[in-house]
Structures are given as structure tokens and as C-alpha cells.
Amino acid sequence: MSTLHTVNKTAADDALAACLRVATSGDGLLLIEDGVYQASTIAGHPQAQALKLFALKEDTDARGISLPTSVTPIDYAQFVELACQYSRSVSWF
């Protein structure tokens with residue numbers, strides 16, 4: 001069963017670390033809100049190599065963040081599509 005994980009916290013919170021402890025190969029990880037600040041960190045994280053990485057484009061644009069090539073920017077419509085593609089969804093807030 002694949003899972004879409006959403007993280008909306010900065011590195012000051014341990015939401016991303018908690019997510020990476022339970023995420024498994026084939027899962028998706030979507031950075032939203034202030035979570036997009038962690039895009040460059042997650043791109044180089046060894047545990048994230050087996051995950052599909054996404055970031056909400058509206059949030060990266062609002063914060064002036066450039067994404068590494070391993071993180072795919074998506075819009076709100078694609079967010080909905082992702083939620084439908086995965087068996088379940090977990091929010092790390």
C-alpha cells in the first residue's frame with residue numbers, strides 16, 4: 001500500500017524526520033506551506049532516494065524558493081490527482 005506524505009513544517013520542527021522514519025519505497029512526499037523550505041535538504045537525504053518528491057509550486061513561488069531537479073513542482077489540481085493515486089495519505093503537521 002503506497003502512501004502520500006505531506007509535510008508543512010520547517011526544519012525547526014521534526015515532522016520531516018518523523019515522516020522519513022516511516023516512509024517506504026514507492027511512497028510520495030509532498031512539501032507544502034513552510035515545508036517547501038526543506039526541498040534542498042530532502043533532495044540529498046539518503047532515506048528520500050526511494051521516494052517520489054513533490055513540492056506545491058504556489059508555496060515555492062510565494063517563498064521565492066528554487067527546487068532541486070529531484071523535487072517535482074505541482075499545482076493544486078495535481079495535488080488532488082496525487083491524493084487519488086496513492087492508497088492513503090498522511091499529513092505531518
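1. Surface first. The protein in this predicted model exposes about 4,900 Å², and carbon and sulfur atoms supply 51% of that area. As for charge, there are 6 positive and 10 negative charges, and their mean positions lie 6 Å apart.

2. Now the overall build. You'll find four helices and five strands here, and reading along the sequence gives the pattern β-α-β-α-β-α-β-α-β. The radius of gyration is 12 Å, close to the 12 Å that the globule rule gives for 93 residues, so the protein is as compact as a globular protein of that length. If you want a feel for dimensions, the C-alpha atoms fill a box of roughly 35 × 25 × 25 Å along the principal axes.

3. Next, what is inside and how the chain meets itself. Buried residues account for 41% of the 93. Take the contacts between residues at least 6 apart in sequence: 67% of them join residues at least 24 apart.

4. On to the largest nonpolar core, which has 20 residues. The members that touch the most other members are Val-7, Leu-29, Leu-31, Ile-42, Leu-51 and Leu-53. Helix 1 (15-22), strand 2 (28-31), helix 2 (39-43) and strand 3 (52-56) each give two or more residues to this core. The largest share, five residues, comes from helix 1. There is also a second, separate core of eight residues, with Ile-32, Phe-54, Leu-56 and Tyr-86 among them. As background, nonpolar side chains in soluble globular proteins tend to be buried together.

5. Helix 1 deserves a closer look. Its buried residues are Ala-15, Leu-16, Ala-18, Cys-19 and Leu-20. What covers them? The cover includes strand 1 (3-7), strand 2, helix 2 and strand 5 (88-92).

6. Pick Leu-20 from that helix and follow its neighbours. Leu-20 is buried, because its relative accessible area is 4%, under the 20% cut-off. Setting aside residues within four places in sequence, Leu-20 is in contact with Ile-42, His-45, Gln-47, Ala-48 and Leu-51. For a sense of distance across the model, Leu-20 and Gln-85 sit 65 residues apart in sequence and 20 Å apart in space, C-alpha to C-alpha.

7. One of those contacts, Ala-48, is worth a stop. Is Ala-48 buried or exposed? Ala-48 is in the loop between helix 2 and strand 3, and with a relative accessible area of 2% this residue counts as buried. Beyond its neighbours within four places in sequence, Ala-48 is in contact with Leu-20, Ile-42 and Leu-53. Gly-28 is 20 residues away along the chain from Ala-48, and their C-alpha atoms are separated by 9.4 Å.

8. Leu-53 ties several of these names together. Not counting residues up to four places away in sequence, Leu-53 touches Leu-29, Ile-42, Ala-43, Ala-48, Ser-70, Val-71 and Thr-72. Leu-29 and Ile-42 are, like Leu-53, among the core members that touch the most others.

9. Last, a backbone oddity to check on screen. Glu-33 isn't a glycine, yet its phi is positive, at about 50 degrees. You'll find Glu-33 in the loop between strand 2 and helix 2. Why does Glu-33 count as partly exposed? Its relative accessibility is 36%, so Glu-33 falls between the 20% limit for buried and the 50% limit for exposed.

Note on methods: Residues numbered from 1 in each chain as written. Predicted model: local features only at pLDDT ≥ 70, side-chain atom pairs only at ≥ 80, totals over all residues. Heavy atoms only, no water. Core = buried A, V, L, I, M, F, W, Y, C linked by side-chain atoms within 4.5 Å. Buried < 20%, exposed > 50% of the residue type's maximum accessible area, 1.4 Å probe, protein only. Contact = heavy atoms within 4.5 Å. Rg over C-alpha atoms; globule rule 2.2 N^0.38 Å. Areas by Shrake-Rupley, 256 points an atom, 1.4 Å probe, with all protein chains shown as cover. Lys, Arg positive; Asp, Glu negative; His and termini not counted. Charge placed at Lys NZ, Arg CZ, Asp CG, Glu CD.
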